[in-house]
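The following exercises train the reading of a protein model. Please study the sequence and the structure before attempting each solution.

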Amino acid sequence: MELEFYGATRRVTGSCHILRAGGFTLLLDCGLVQGGFEDEVLNREPFPFDPGSIDALVLSHGHIDHSGRVPLLVKRGFRGPIYTHEATIELCRVLLKDSASLSEHDALRRRRHGHGDAEPLYTVEEALVAVDRMHGLRYEKVKEILPGIFLRLHDAGHILGSAFVELEISEGEERRTLVFSGDIGQYDTPIMNDPSSIRHADYVIVESTYGDRLHRSLDETVREIGEIITTACRDCGNILIPSFAIGRSQELLYLFGKHYHEWDLPRWQVYLDSPMAIEASMIYWEHPELWDEEAKLFRKELRRMPPLGNLHLTGSVDQSIAINSHRQGAIIVAGSGMCNGGRIIHHLKNNVWRPECHVLIIGFQAQGTLGRRLVEGHKEVHINGTAYRVAAKVHTIGGLSAHGDRDDLLRWLGSCECSPAVLVVHGEERVKEVFRESIRTSLSLDARIPVPGQLLDLVTGELRSAPEGHGQH
């Protein structure tokens with residue numbers, strides 16, 4: 001009965017861990033590594049296990065850094081079932097199809113530039129084959145997914161269908177409960193419920209994306225966005241919002257509707273310039289049973305989605321290009337959230353050098369991404385090989401993060417009445433160290449930071465090195 005730490009141990013993205021118990025092997029997540037080119041080439045490396053030997057996969061939620069290598073896993077021989085929340089399957093159909101399409105286009109571009117052997121990581125068809133292998137579950141329902149391994153999903157409050165995973169594991173006379181956080185959302189965030197409490201755990205694997213800082217409160221964030229919109233209106237420019245298609249875009253639409261007149265939004269033209277975000281927004285709209293009570297009440301008073309008379313859903317490329325004719329008065333919400341692809345790239349080319357424009361960064365920006373360079377205040381950035389002076393005003397809006405901050409994560413860990421051992425993953429190195437100390441001092445829990453390839457013996461609690469060659473991410 002052991003757990004091997006693999007993905008999202010050296011970095012924030014690429015979530016993947018390997019559980020072995022009772023002669024069976026189970027994966028927790030199988031995500032893409034995101035960031036710069038050197039990070040992303042890791043996605044093509046062999047898995048540190050035979051995909052055909054994996055008996056089942058549990059997927060915490062649909063974000064690509066947790067789900068993006070699932071089609072590759074199937075392509076390379078995985079034949080087992082995939083368990084996840086029902087809503088996650090719907091979102092994965094959108095996200096993985098888009099990921100495959102981007103990979104196909106990138107491979108085509110590389111072949112045109114003389115890289116004759118360039119192949120996509122996986123195709124759209126292969127992505128849809130993987131989605132068809134997914135089995136939908138609801139929160140709080142217990143299912144025996146392998147002999148001696150019982151699964152229960154709990155609401156993580158991160159995005160629609162996001163879950164933290166509870167596994168009750170039996171092997172001979174031994175019984176252990178393992179909880180895997182996936183990504184934990186903020187408390188009191190728009191639309192989503194608060195994260196559920198931990199019932200019981202012997203071990204908790206916890207993410208630490210924002211484990212070293214505190215977000216602004218929602219009230220402060222609402223005031224800040226309103227002030228930026230007022231300033232941008234005075235400056236007579238555009239507002240660019242790089243946004244993750246799943247979660248952040250829907251929260252923005254919700255806040256735009258709720259504060260429509262307060263933020264004087266009728267003066268603007270609002271564009272949701274992302275086919276994936278448009279499709280995901282429709283999925284959100286169809287699942288009010290997963291919303292918090294305030295959002296349910298707000299939705300009940302509406303007849304359509306979204307509730308903005310000046311919102312344009314620009315699905316086609318021609319519609320997206322037409323936005324560039326707006327030199328002022330446009331609020332453009334476009335993917336990708338880290339500015340490492342998608343339509344936001346083209347809007348940055350047209351606006352980032354203009355001092356009257358504003359860029360709102362509303363989510364985590366991984367090392368090596370264009371979004372990270374904007375946050376760090378670089379005066380010049382390269383986009384598709386061309387240098388652009390950064391004259392637009394860049395604002396970081398931490399209060400809209402779909403990830404909980406330090407206090408949210410501590411609150412979630414503290415909801416467990418017992419005293420589990422904690423394994424800190426899914427964070428930059430310094431952040432993990434800071435958060436580990438917060439766990440030790442605030443909750444008096446045993447907290448450790450595993451490195452890639454380490455094995456945790458779930459019976460003895462010993463953390464030891466795996467055979468050489470295991471767990472390179």
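**Exercise 1.** Does Cys339 count as buried or exposed?

*Solution.* The model is predicted: local features need pLDDT of at least 70, side-chain atom pairs count only at pLDDT 80 or more, and totals for chains, interfaces and linings use all residues. Residues are numbered from 1 along each chain as its sequence is written, and side-chain values use heavy atoms, with hydrogens and water left out.

Step 1. Buried means under 20% relative accessible area, exposed over 50%, and partly exposed in between (1.4 Å probe, protein chains only).

Step 2. Cys339 counts as buried because its relative accessibility is 2%.

Step 3. Cys339 sits in the loop between strand 15 and helix 11. Strands (E, at least two residues) and helices (H or I, at least four) are DSSP runs, numbered from the N terminus.

**Exercise 2.** Identify the unusual backbone values in the loops.

*Solution.* Step 1. Most residues other than glycine have a negative phi, and most peptide bonds are trans.

Step 2. Cys339 is not a glycine, yet has a positive phi of about 60°.

Step 3. Asn384, also not a glycine, has a positive phi of about 50°. Asn384 is placed in the loop between strand 17 (380-383) and strand 18 (386-389), and with a relative accessible area of 60% Asn384 is exposed.

Step 4. Gly335 and Ser336 are joined by a cis peptide bond, with omega of about 10°. Ser336 belongs to the loop between strand 15 (330-334) and helix 11 (344-351).

**Exercise 3.** Describe the sheet of seven strands and the helices that pack on it.

*Solution.* Step 1. The sheet is open, its order is 7-8-9-10-11-20-21, and its pairing is mixed. Two strands pair if DSSP finds at least two bridges between them.

Step 2. The edges are strand 7 (142-146) and strand 21 (447-448), each of which pairs on one side only.

Step 3. Strand 11 (residues 203-207) and strand 20 (residues 421-425) run parallel and are joined by five bridges. Within strand 20, Ala421 is the bridge partner of Tyr203.

Step 4. Helix 14 (residues 429-443) packs on the sheet and touches strand 11, strand 20 and strand 21; contact means heavy atoms within 4.5 Å. The direction of helix 14 makes about 160° with that of strand 20. Axes are lines fitted to C-alpha atoms, for helices over the stretch in contact, and angles run from 0 to 180 degrees between N-to-C directions.

Step 5. Helix 13 (residues 406-414) lies across strand 9 (163-171), strand 10 (174-180), strand 11 and strand 20, and runs at about 165° to strand 11.
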